[in-house]
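I opened the notebook today to look up surface and pocket features in one model, and I enter below what I found.

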Amino acid sequence: MDTIQLLMDGFSSALTLENLLMAAVGALVGTFVGVLPGLGPTSAIAILLPLTGVLEPTQGIIMLAGIYYGAMYGGSTTAILLNIPGELSSVPTCLDGYPLAKKGKGGPALGISALASFGAGVLGVIGLVFFAPILADQALKFGPPEYFALMLLALTLMVSLSGGSLIKSFLMGAFGYTLALVGLGPSSGMPRFDYGVSQLMGGFDMISIIIGLFAVTEVLKGIEERRAGAVIAKTGSVYPGKEDLKKSAAPMLRGGLVGFFLGLLPGCSAAITAFLAYDLEKKVSRQPEKFGNGAIEGVAAPEAANNATSSAGFIPLFSLGIPSSPPLAILLAGLMIYGLTPGPVLFEQHAPFVWTVIASMFVGNAMLLVLNLPMVWVWVKLTRVPYGIMAPIILMFCTIGAYSVRNSMFDVLVAFLFGGLGYLFHKYKWPVVPLVLCFILGPMLEESFIHTMAMGAGDISIVWSRPISLVLLIAAAALLVISILLNRRTNQRVKEERERGMDVA
C-alpha cells in the first residue's frame, strides 16, 4: 500500500504543467532521434545533458528518460519503411517489417509496432514500480565493501559492451579510468596528472567528453557517409485490423516478458533481448517459414522486447546505480551532476523525485502512443531533412553545451578533441562505451576501495568475509564468464553469417 500511495503522489507531481511539458519534450525528441538513422538516444542525451544546469532535477531527468524510451518507439519507423534501423535494437524489426512495407502493409506494421511498444513499455514501468523499491531496500544494507564489490560487478559490463573485441574493451576501459584520475585525488586532495596545466586540476568534465564521443563523432560520421534525406513509399493506414491484432497479441506478451526479465540483468541490452524475442517467436510459431518474408509477429515481438528492456533498465539504475546500456550510462552521469547518487539511499532520501520520474514514464508512454499512430507520417517526412542543415545545428548545440558547464573554452576544446578521437574509435572499431563506463564508475570504485581498506585496517579480505559483498563478487565472476562465452558465441554467429553471405554472393 505504501508503494501505491507513493506512486499516486508521484502522479500528482508528474501531472503538473512543467513536468508534463518535459515529458512531452522528451517523447518528441526521443521519437525524432529514433526515426533519424544514426542519431540515437545516446547522442541526443549527450547533446542535451548540459540542460541539467538549467532545469530542476525532476524536470531534467524526466526529459532525458523520455528521450531514451521515446527513441525505442521511433527506431522502428525507418526500420519498417526503409530497411534502415534507427537503433540497433530495431534490426530484428527490419527482417519482417520491411518485407511488409514492400507488400503495401507498412502502415499496419507501424501500428503494431507502436502498440507493442506501448504495452511493453507500460509492463516495464509496472515492474519498475514493484521491483525497484524491494531491490533498493535490500541494498540499504550496503557498506563500503559491498559498494566496492558492486562496482566490480558493474565493470563486468565492459565485456557485454565490448563490440566483439575483449582486448579493445579492456584497453578502452583503462583509458577511461586514467582520464578519471586526472584532477584532485579523493583522499589526499592533491592534484594528479595535471602536468602544470591549471585547467587539468579540476579534471576532465564528464559532459564535454560525452558530447565529444557521441554527438560530435556522430556529425563527423554523417559527413563522411554523406547522409541525405529518404524517399518514402505509400504504405496505407497505420491502424491495424482485427486479424493483425489477434496475431500480434501473444507475441507482444512474450516479447514484453522476455525483454523485461532479461532487462534486469546488467549488460543485457535492448538489442540482445529484441533478437532473443524474435528467435523465440520463430521457434514457437507453427509457420516459421513466414519469418523473414513479412510476418507481423516478427514486428510485434522484438518491438515489445526492446521497449520492455528500456523500462526494466531503470530498475538496476535507480536501485543499484548500475547502467545496463549506453544511454543509461549517460543518464547516470546526469543523476550524478544533480548530486543524486543512484543506489540504496535514492528511494529513501529522494523518494518524491524517484516516484515522480516513475509516474512520468506512464504519462510518457501514453504520449508516445499518440505520437506514433496519428503523427507517424510527420516523423517520416523529417527523415528528408538534409544532413547539411542538421549537422551545423548539432555542432552549435555541442559548443554551447560544452562551454556552459564551467564557462570554459577548454571544455569546448576537450569536446571537439574527443569528437575526433571518437570518430577514429568508430572507424577502427574501438568501443567507446567501456571508456565512458570506467570514466563514470572509476572514481566511485576508487573511493569505495579507500573506505573499504580503512574499514578493514588495510586487510582486503573484509570484502569476501561479508555475505552480501561475497555474493556480489561471485555474481561478478559468473557474469564475467557468461559474458565472455556469449561474446564468443555472438562473434562466431556473425562470422558464420558473413561466410554464408559470401557463399550466396
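**Nonpolar patch, one serine, one pocket**

I looked first at the surface, where Ile 4, Met 8, Ile 126, Phe 130, Phe 131, Leu 253, Leu 257 and Phe 261 form a nonpolar patch with about 730 Å² of accessible area together. The model is predicted, so I note that local features need pLDDT of at least 70 and side-chain atom pairs pLDDT 80 or more, while totals for chains, interfaces and linings use all residues. Residues are numbered from 1 along each chain as its sequence is written, and side-chain values use heavy atoms, without hydrogens and water.

For the patch I took residues with over 30% relative accessible area and no salt bridge, joining nonpolar side chains (Val, Leu, Ile, Met, Phe, Trp, Tyr) within 5 Å and, for charged patches, like charges within 9 Å. A salt bridge here is a side-chain nitrogen of Lys or Arg within 4 Å of a carboxyl oxygen of Asp or Glu, and accessible areas come from the Shrake-Rupley method with a 1.4 Å probe, only the protein chains shown counting as cover for residues.

I then traced the patch to helix H1 (2-14), helix H6 (106-139) and helix H11 (242-263), each of which supplies at least two of its residues; helices are DSSP runs (H or I, at least four residues), numbered from the N terminus. Met 8 is found in helix H1 and counts as partly exposed because its relative accessibility is 44% (buried is under 20%, exposed over 50%, partly exposed in between, with a 1.4 Å probe and protein chains only).

I next checked Ser 89, placed in the loop between helix H4 (57-82) and helix H5 (91-102), and it counts as buried at 4% relative accessibility.
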